[in-house]
Amino acid sequence: MYKCSLILAAGQGKRIKSNTPKVLHKVCGKEMVNHVIDTMRTAGLEDVNVIIGKGSEMVKGATASRNVTYSLQEEQLGTGHAVLCAVDFLKGKQGTVAIFTGDAPLVRAETASALIKLHEEQGNSATLLSSIIDNPNGYGRIVREGEAVLKIVEHKDCNEEELKIKEINAGMYCFDIEDLLFSLNKLSNNNAQGEYYLTDVIGILKEDNKKVGALPVDFEETIGVNSRGELAVTEKILRDRINKKHMDNGVTLIDPNSTYISLEAEIGQDTVIYPNNVIEGDTVIGKDCLLYPNSRIFNSIIEDGVTIQASVVLESKIGEGTTVGPYAYIRPESIIGKKARIGDFVEIKKSTIGDKTKVSHLTYIGDAEVGSDCNFGCGTVVVNYDGTHKFKTKIGDNVFVGCNTNLVSPVEVKDYSYIAAGSTITEEVPEASLAIARARQVNIQGWVEKKGLIKRKDK
Ligand code: UD1
Ligand code: CA
């Protein structure tokens, strides 16, 4: 049967107090609405339409990579009105539409699939996700007659009896498209909030003798984020899920409560991660790595057996067995070879560093291609920028760069050469030669006394 999905994401989210639309607030590094879109896709719903309104351009921008379509709800007159704004998307279609909210990112794809399956197996007009909780404050209540779902009553519209109901509406549903379109036209805004409620569709279908079902699920999956407090609760739940997955896969997290790993990251077995590591984006970390505290690794590939300490690695690749840090900064488009060493206060930008090359301390390498088995002395600077243009430096294999060397780009240093400490290299260094590019030392004997600057005691 044909299936599609609608995601409600038009509200500003007053209670979150932000200039950014609520659904763009991130949970574990990903916007809530993108979590929901990705979950829909994993559940097999390809055709996804997002209803946007407040901050619509921002929401479009943030979801651009997801290949969805949009419906515009210019004025936010309620969740039912929001779905009415997607009539162009729905009309003429026959089958099931799954309607989810962009502010509830914890629902699992398996749960969405189970909802769709139940809906189709029971041949319902509507099937909703519900949950039973002790404190149902703020949520719409599911009113049942015996087993059957009768209607949903919003918290603000509940009478005393209804307020006691502990089964709540998760705000996630499947509808038969034609039945939904038919009942949307019957919605009124005659309620406590003066809004057109999507939830009223349930009662309308029931009155038309249509079949309505409900699937109760764990409350955790249904949490909707309305405030910063709920955002933090949601973040913690998702973080726990992610960290548990990695620990189940054989990764040691010394303190899972202070380890922050993106949903997409992959980590190999026997890797050990100390507290306060932030692993973001599509990062892939190999086996047997050691991540000491306080690093941030974004969209990078870290091969097996790498050790990193208190460093930042962005959009780069670190080869097998290499050590990084403490306090190294590896900037985008860098490729570090195997068994290399990038030490303290070293910055590498858009450069390749060969296998076993050591850049141990206080060095900047930018826009350079460096071979293998080289050694950089302390305080080397690749001078890659003349204030207007960036230039490339090329260094061969087995090169020894003395301390405090400047390599003024563009320049090439060939294999097996040595550069004397304190040199400012502006011309090519030929293979297997020693380059010295500094003023020769002059000692003027007795100069200080002659100037009368020291009085010796014995005189
Ligand atoms: C809604 C449900 C409630 C349910 C709860 C679960 C209604 C009337 N109520 O309440 O039964 O228990 O979710 O979390 O549906 N939105 C629009 N356009 C609008 C209004 C809202 O797109 O005009 C979007 C919001 O951006 C948000 C979602 O719909 O993503 C839910 O809206 P929200 O105001 O948070 O509804 P709740 O009061 O939480
Ligand atoms: Ca909500």
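In the predicted model described here, E167 counts as buried, with a relative accessibility of 10%, because the buried class takes in residues under 20% relative accessible area. This residue forms a salt bridge with R144, in which the closest N and O atoms are 2.7 Å apart. The bridge links distant parts of the chain, since E167 belongs to strand 10 and R144 to strand 8 (residues 141–145), and the two residues are 23 residues apart. R144, at 32% relative accessibility, counts as partly exposed, so that this bridge joins a buried residue to a partly exposed one.

Strand 10, which spans residues 167–176, also contributes to the largest pocket, where four residues from this strand make up the largest share of the lining. The space in this pocket amounts to about 1,400 Å³. Strand 1 (3–9), helix 3 (79–84) and helix 9 are, together with strand 10, the elements that give two or more residues to the lining. In total the pocket is lined by 42 residues, and those lying nearest its centre are R15, K22, T79, D103 and N226. By residue class, the lining is made up of 19 polar, 14 nonpolar and nine charged residues.

Two of the residues nearest the pocket centre, D103 and N226, are also the protein donors of the calcium ion (ligand 2), which they approach through OD of D103 and OD1 of N226 at 2.7 to 2.8 Å. D103 is placed in the loop between strand 6 (96–101) and helix 5 (109–122), whereas N226 is placed in the loop between helix 9 (219–222) and helix 10 (228–248), so the pair ties together parts of the chain that are 123 residues apart in sequence. Both of these donor residues are buried.

A search of the whole structure finds 24 salt bridges, and the general basis of such contacts is that side chains of opposite charge can pair when their charged atoms come close. One of these bridges brings together the side chains of R108 and E221, with an N to O distance of 4.0 Å. Because R108 lies in the loop between strand 6 and helix 5 while E221 lies in helix 9, this pair ties together parts that are 113 residues apart in sequence. R108 is partly exposed, having a relative accessible area of 34%, whereas E221, at 8% relative accessibility, counts as buried.

A further salt bridge is formed between the side chains of K3 and E120, for which the N to O distance is 3.7 Å. K3 is part of strand 1 and E120 is part of helix 5, so this contact ties together parts that are 117 residues apart in sequence. K3 counts as partly exposed at 27% relative accessibility, and E120 likewise counts as partly exposed, at 26%. Beyond these individual pairs, K30, D38, R66 and E264 are linked in a network of salt bridges.

With regard to annotation, an unreviewed UniProt entry lists residues 6–214 under "domain: Nucleotidyl transferase". Over this range the chain is 30% helix and 26% strand, and the C-alpha atoms at its two ends are 19 Å apart.

Definitions and conventions: Residues are numbered from 1 along each chain as its sequence is written. Chains are lettered from A and ligands numbered from 1 in the order in which they are written. This is a predicted model: local features need pLDDT of at least 70, side-chain atom pairs count only at pLDDT 80 or more; totals for chains, interfaces and linings use all residues. Side-chain values use heavy atoms; hydrogens and water are left out. UniProt positions are given in the numbering used here, feature names are shortened, and annotations may be inferred rather than shown by experiment. Donors are N, O and S atoms within 2.8 Å of the metal (3.2 Å for Na, K and Ca); water is not among the atoms, so sites may look incomplete. Buried means under 20% relative accessible area, exposed over 50%, partly exposed in between (1.4 Å probe, protein chains only). On a 1 Å grid over the protein atoms alone, a cavity is a set of points where a 1.4 Å probe fits but cannot get out, and a pocket is an open set with protein on both sides within 12 Å along at least five of seven lines; lining residues have an atom within 4 Å of a point. Grid points are joined across faces, edges and corners, and a volume is the space filled by probe spheres set on the points. Ala, Val, Leu, Ile, Met, Phe, Trp, Tyr, Cys and Pro count as nonpolar, Asp, Glu, Lys and Arg as charged, and the others, Gly among them, as polar.
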